[in-house]
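Student: I am new to this structure and should be grateful for a close look at a single part of it. Please take the place where one chain meets another, and set it in its surroundings.

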Amino acid sequence: MDKSFRISDAKKWFLKGLRDGIPIAAGYFAVSFALGITARNAGLTWYQATLASLLCNASAGEYAGFEVIASKGSYITMALITAIISARYMLMSITLSQKLSSETNTLQRLFVGFWVTDEIFGASSTVPGKLNPHYNYGLAICSLSFWALGTCLGVVVGNILPAVLVTALGVLLYGMFLAIIMPEGRKNKKVLILIFISMALSFAFSRLPYISALGEGTRIIILTLLIAGGAAFLMPVREENSPEKEDSAE
Amino acid sequence: MRHNVYIYILIMCGVSFLLRALPLTLIRKEIKNKYFRSFLYYVPYVTLAVMTFPAIMDAVSNPLGGIAALVIGMAAAYFGAGLFPTAIICSVIVFCVEFFIK
């Protein structure tokens, strides 16, 4: 392939990424605003929260992280919770590593990895054929700048908004979590059942004596290892039904 | 023990970056162990479900609003409402309940 062709190809994919990133950016903006409110409640300043959003690019991970900061948890708790909640990114990265051509160099792979989110993964893993990393750069730069901006505004403006509105905006995150898990629950009834089991046990753990005293972060880790581990053992995903294949078939 | 916010942030971004970047740079072959693959596959759904309930109920002043948001949000997402609409639906329900039912 001649070089000028490859450069124009990169530009084409980058611009397509910027365009496809617009709806993602809109969703991120609202959700990260709520995240900023969580960060403010955890005692973070606007630049600390914005820095966290720029570096972490993770909704659930950052939310849990801010909860750890709020509860003054240990650094080990922070590392464990981040690892548990971001474990899904590992699977996404494994999937994307199969999508990238062998020409993709290590630096490009690091950038693609840095910007793996649920939505960017969703958009880039459904590209037909091999994946051009510049598509991911476009998606990420468009959507994640609004992620950081929203987080920043959430911290700054969160305290001048009426309490009712802040409460309502805080629920945006949970709505987003539901929007991530339910479509897979529809495709795979085992996942749907697991969602209900998870919620039921989570409720029980939060109300039971002794267990409820463990703290939210620890309960999330225990429940995830218990339920996802049990599910993997009792109903391992069959190869022809693997998540990669389902995702790429969308 | 006093904790530094920047160290917290560093741990957060360090761990999540390693998890995302290592598979892309190191693992060029597919993981074959079906139990590990299945575990990774189930993790996000379990974790997010655990994080959503009962938190959505405890985050609002009227638990009924949280439950209504959960049930309607789950239904909307199930039928394909998408990220942004589902989030807005949940938020509007909680706003209405908080605002009109004291």
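Tutor: Helices (H or I, at least four residues) and strands (E, at least two) are DSSP runs, numbered from the N terminus. The model is predicted, so to speak of local features requires a pLDDT of at least 70 and to count side-chain atom pairs 80 or more, while totals for chains, interfaces and linings use all residues. Residues are numbered from 1 along each chain as its sequence is written, and chains are lettered from A and ligands numbered from 1 in the order in which they are written.

The overall setting comes before the detail. Chain A is built from twelve helices and zero strands, and from the N terminus on its elements run α-α-α-α-α-α-α-α-α-α-α-α. The C-alpha trace of chain A spans about 65 × 50 × 30 Å along its principal axes. Chain B has five helices and zero strands, in the order α-α-α-α-α along the sequence. For the C-alpha trace of chain B, the spans along the principal axes are about 55 × 45 × 20 Å.

The model scores ipTM 0.86 and pTM 0.72. Chain B has a mean pLDDT (the predictor's confidence in each residue, from 0 to 100) of 87, and 92% of its residues reach 70 or more. Within chain B, confidence is highest in α4(B), at 96, and lowest in helix α2 (residues 34–52), at a mean of 85. Where pLDDT is low, predicted coordinates should not be read in detail.

Now to the meeting place itself. Across it, 83 residues of chain A are in contact with 65 residues of chain B (C-beta atoms, placed from the backbone, within 7 Å). On the side of chain A that touches chain B, helix α9 (residues 163–187) of chain A gives the most, with 20 residues. That side of chain A comprises 56 nonpolar, 21 polar and six charged residues. In this division Ala, Val, Leu, Ile, Met, Phe, Trp, Tyr, Cys and Pro count as nonpolar, Asp, Glu, Lys and Arg as charged, and the others, Gly among them, as polar.

Helix α9(A) deserves the closest attention. Its axis lies 8 Å from that of helix α4 (residues 63–78) of chain B, and the angle between α9(A) and α4(B) is about 45°. That angle is why α9(A) is described as oblique to α4(B). Axes are lines fitted to C-alpha atoms, for helices over the stretch in contact, with angles from 0 to 180 degrees between N-to-C directions; under 35 degrees is roughly parallel, over 145 roughly antiparallel, 65 to 115 roughly perpendicular, and the rest oblique.

From α9(A), the contact draws on A:Val171, A:Gly175, A:Leu178, A:Ala179, A:Met182, A:Pro183, A:Gly185 and A:Arg186, and from α4(B) on B:Ala69, B:Gly73, B:Met74, B:Ala77 and B:Tyr78. Sorted by character, the residues of this contact are nine nonpolar, three polar and one charged.

Helix α4(B) also has a partner within chain B. With helix α5 (residues 83–100) of chain B, α4(B) packs at an angle of about 155°, the axes being 9 Å apart. At that angle, α4(B) is therefore roughly antiparallel to α5(B). Here B:Leu64, B:Gly65, B:Gly66, B:Ala68, B:Ala69, B:Ile72, B:Gly73, B:Ala76 and B:Ala77 of α4(B) meet B:Pro85, B:Thr86, B:Ile89, B:Cys90, B:Ile93, B:Val94, B:Val97 and B:Glu98 of α5(B). The residues of this contact divide into twelve nonpolar, four polar and one charged. B:Ala69, B:Gly73 and B:Ala77 thus belong to the contact with α9(A) as well as to the contact with α5(B).

Chain A offers an internal pair of its own. The axes of α3(A) and helix α4 (residues 75–85) of chain A come within 9 Å and cross at roughly 160°. Helix α3(A) is therefore roughly antiparallel to α4(A). A:Ala60, A:Gly61, A:Ala64, A:Gly65 and A:Val68 of α3(A) make this contact with A:Thr77, A:Met78, A:Ile81, A:Thr82 and A:Ile85 of α4(A). Its residues comprise six nonpolar, four polar and no charged.

Finally, there are backbone details in the loops. Most residues other than glycine have a negative phi, and most peptide bonds are trans. In the loop between α2 (46–56) and α3 (59–70) of chain A sits A:Asn57, whose phi is near 50°, a positive value in a residue other than glycine. The peptide bond from B:Phe53 to B:Pro54 is cis, with omega near 5°, and B:Pro54 lies in the loop between α2 and α3 (55–58) of chain B.

Definitions and conventions:
Contact = placed C-beta atoms within 7 Å.
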